[in-house]
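Student: I have a new structure to read, and I would like to go through it by question and answer. Can we start?

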Amino acid sequence: MRELREMKATWIIAVFGILFTLAGPSVLELFTIITLAQVIGLSILALSLALVWGFGGILCFGQTAFFGLGAYAYVIAAINFGGSSWAILVAMLVAAAFAAILGYFVFYGRVSDVYLAVITLTVTLILYSLIRRTSGPEYKIGNALLGGFNGISAPPLNYPWDASAFLFPEQVFYVAMLALIIAYVFCSWLVRTHFGRVCVAIRENEDRAELLAYDTRLYKLGIFTVGAAIAGLGGIFFCIGVSRVTPDVFSLPQSALTIIWVIVGGRGTLIGPILATFALYYLTSALGSQSVLNTNLVLGTILIIFVLGVPKGVVPAISDLMQSRRGRKALRARERRLQRRRPSSTHNATTTEGAE
Amino acid sequence: MDLLVSIIFQIVYVIANLALISLGLAIIFGMMRVINLAHGEFLMLGGYTVVVATNNGVNIWIAILILSPLVVGLIGIIVERLLIRFLYGRMVDTLLATWGLSLLFIGLITSIFGASTATTISPPLGVITIGEYTSSGYELFLIGITILLLIAVFLVLKMTTLGLVARGTMQNAEMASALGVSTSRIYMLTFGLGAAVSGLAGGLLAPITGVLPTIGTVYIAKAFITVISGGMAILAGTTSASILLGAVNGVVSFVTGPTLGEVALLLAAIILLRLMPRGITGSIFRKSL
């Protein structure tokens with residue numbers, strides 16, 4: 001429980017999240033509330049990549065594969081079960097199981113990070129072309145027609161174990177926000193546990209972690225699988241938000257966007273990518289509504305600028321800046337104190353500064 | 001018998017197609033350890049070069065065989081100077097920056113030519129008959145030109161001074177630079193060569209597939225998986241991986257239809273990488289080029 005006490009910043013952010021959840025429906029319009037469910041789903045996806053990439057050091061370009069599989073599994077299960085309660089569980093399990101199998105091959109094959117990026121991306125693209133071709137009536141799982149290019153319309157969320165009582169958009173918003181906050185607190189807790197610390201150690205230096213007798217393959221597989229389950233959860237809310245799941249969840253632009261959110265928000269933080277998702281989602285929809293600048297053009301430029309100019313991302317860059325300013329301020333205050341005490345030997349005081 | 005020949009022809013075509021779309025990527029990856037995620041867009045730009053040139057009255061063969069590698073090679077050199085050269089040795093950042101580049105190209109081409117298919121060009125050359133089956137003559141031409149291209153790349157790397165210097169630079173850049181080689185120029189030319197080969201491939205495929213701003217995504221998954229499965233050796237890797245994966249793809253596609261063909265290709269590649277994490281040429285044919 002030591003971890004829970006250490007998470008002061010997390011709790012503060014969670015409280016802000018809860019306030020936003022409670023205030024949202026009375027401040028925002030209904031339309032915004034409906035689209036927000038979709039953005040929350042995407043931000044859970046960004047959170048999962050922030051965990052896997054930012055803390056696990058696993059460069060997964062295909063996080064959307066688990067996101068999309070979660071969405072598809074939810075829809076198919078909900079149609080077959082006639083209710084959404086178990087479908088949520090099934091969706092997360094399917095995403096996690098797929099990640100566990102894929103992860104077994106790549107981590108136990110000791111595929112290096114760059115190869116891993118390409119393999120995960122390829123898996124996503126193959127899923128894309130596979131699902132797109134399932135338009136015929138012969139492609140169905142249980143009662144759910146896969147629908148190829150058009151996808152499947154998603155059944156709405158319902159109250160637990162009462163399939164006829166659907167949730168209203170406001171209630172979907174509450175549930176989605178709750179899921180986001182719980183996932184965020186969970187990730188924040190996970191990276192502070194022994195398991196999370198070992199994952200960070202592996203990110204920093206895999207050989208050294210291995211020499212300390214940690215089975216790095218197992219830890220990587222673990223965080224990869226957990227990340228996939230969270231991505232699957234994001235997929236559920238995304239498809240409920242758009243009330244449909246289409247093969248586009250597996251498309252290349254979607255994978256690129258996910259990477260961009262994490263890069264812009266910052267690797268090594270959890271809240272950064274979530275905020276970046278909200279900000280960039282509204283930026284891209286604003287760009288989509290005008291026709292001067294192409295969205296891809298802008299996103300590509302953002303990605304290049306961040307890789308070359310702000311490789312750590314916005315949130316770590318700001319906190320670095322604040323820390324260095326605080327540090328400088330403390331240093332100046334200290335120098336002033338020393339000067340007052342020994343007005344004649346300023347030079348001497350600053351040199352001992354470095355030695356301390 | 002005719003059926004068998006026709007099937008074998010199809011499988012060989014799938015193999016040649018894989019080798020063709022992967023070669024440019026393999027050159028850049030094998031020589032420079034740069035994974036170019038904008039590879040699909042280099043192919044796309046090659047296709048657009050052909051379409052624009054033929055629409056302006058250029059002979060289709062000149063457009064495909066000369067203009068597309070030239071134009072895309074130049075674009076490659078510009079990209080190397082403006083972007084890639086700041087990122088050598090930072091593999092992950094290169095990956096991300098080239099992905100940004102890929103989006104940038106898609107956006108740029110969409111803004112210029114629109115999101116839908118530009119005027120298509122019909123494949124030159126007629127049909128060939130194998131007994132009672134017919135096949136496209138252009139496909140036969142593609143198989144031939146892929147083999148020629150592989151031989152040409154081999155000759156350039158093995159027989160010319162430029163190839164020798166380039167291989168030396170890739171093995172030990174400091175030593176090459178101590179011997180008076182301008183390594184930065186070699187990197188630029190190698191990237192340009194890879195881009196030119198990608199452009200040629202894109203140009204060659206344009207009459208079959210048509211061109212779209214997003215056509216790169218069709219190729220990119222297959223090209224990457226082929227190059228990664230092949231490993232570091234450019235020619236041996238690309239050829240062996242294309243043969244293996246192309247055969248799997250071709251056979252499964254023939255038996256079950258194209259949907260499962262690509263899945264089988266991917267599964268074969270993942271199992272291959274579990275057994276040989278450094279690709280085929282990481283385990284066998286290690287000394288090859």
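Student: Which helix of chain A holds A:Arg5?
Tutor: This is a predicted model, where local features need pLDDT of at least 70, side-chain atom pairs count only at pLDDT 80 or more, and totals for chains, interfaces and linings use all residues. Residues are numbered from 1 along each chain as its sequence is written, chains are lettered from A and ligands numbered from 1 in the order in which they are written, and side-chain values use heavy atoms, with hydrogens and water left out. Helices (H or I, at least four residues) and strands (E, at least two) are DSSP runs, numbered from the N terminus. Residues 2-6 of chain A form the helix that holds A:Arg5, namely H1.

Student: Is A:Arg5 buried or exposed?
Tutor: Buried means under 20% relative accessible area, exposed over 50%, and partly exposed in between (1.4 Å probe, protein chains only). A:Arg5 has a relative accessible area of 65%, so A:Arg5 is exposed.

Student: What distance separates the C-alpha atoms of A:Arg5 and A:Trp189?
Tutor: Along the chain, A:Arg5 and A:Trp189 are 184 residues apart. In space, their C-alpha atoms are separated by 9.8 Å.

Student: What share of the contacts in chain A with a separation of 6 or more comes from residues 24 or more positions apart?
Tutor: Contact means heavy atoms within 4.5 Å. Chain A has 15 helices and six strands. Its contacts with a separation of 6 or more come from residues 24 or more positions apart in this share: 75%.

Student: What share of the residues of chain A count as buried?
Tutor: The C-alpha trace of chain A spans about 90 × 50 × 50 Å along its principal axes. Chain A has 356 residues, and the share that count as buried is 52%.

Student: How many salt bridges are there over all chains?
Tutor: A salt bridge is a side-chain nitrogen of Lys or Arg within 4 Å of a carboxyl oxygen of Asp or Glu. One of them joins A:Arg203 and A:Glu204, at 2.9 Å from N to O. Another joins A:Asp215 and A:Arg217, at 3.2 Å. Searching the whole structure gives a total of six.

Student: Is A:Glu204 buried or exposed?
Tutor: Its salt-bridge partner is A:Arg203. A:Arg203 is partly exposed because its relative accessibility is 32%. A:Glu204 has 56%, so A:Glu204 is exposed.

Student: B:Arg90 forms a salt bridge with which residue?
Tutor: B:Arg90 is partly exposed, at 35%. Its partner is buried, at 12%. The closest N and O atoms are 3.0 Å apart, and the partner is B:Asp93.

Student: What area is buried between chain A and chain B?
Tutor: Buried area is the accessible area (1.4 Å probe) that two parts lose on being put together, summed over both. Here 41 residues of chain A are in contact with 40 residues of chain B. The count of salt bridges between the two chains is zero. Carbon and sulfur atoms give 80% of the buried area, which is about 3700 Å².

Student: Which helix gives the largest share of the lining of the largest cavity?
Tutor: On a 1 Å grid over the protein atoms alone, a cavity is a set of points where a 1.4 Å probe fits but cannot get out, and a pocket is an open set with protein on both sides within 12 Å along at least five of seven lines; lining residues have an atom within 4 Å of a point. The largest cavity holds about 40 Å³, and its lining includes B:Leu43, B:Met44 and B:Tyr219. Helices H2 (39-55) and H8 (183-209) of chain B each give two or more residues to that lining. The largest share, four residues, comes from H8(B).

Student: Which element gives the most to the lining of the second largest pocket?
Tutor: The second largest pocket has about 1000 Å³ of space (grid points are joined across faces, edges and corners, and a volume is the space filled by probe spheres set on the points). Its lining has 34 residues, with B:Gly30 and B:Arg33 among those nearest its centre. Four residues come from the element that gives the most, H6(B).

Student: Is B:Thr146 buried or exposed?
Tutor: B:Thr146 lies in helix H5 (residues 137-159) of chain B. Not counting residues up to four places away in sequence, B:Thr146 touches B:Ala16, B:Ala19 and B:Leu20. Its relative accessibility is 4%, so B:Thr146 is buried.
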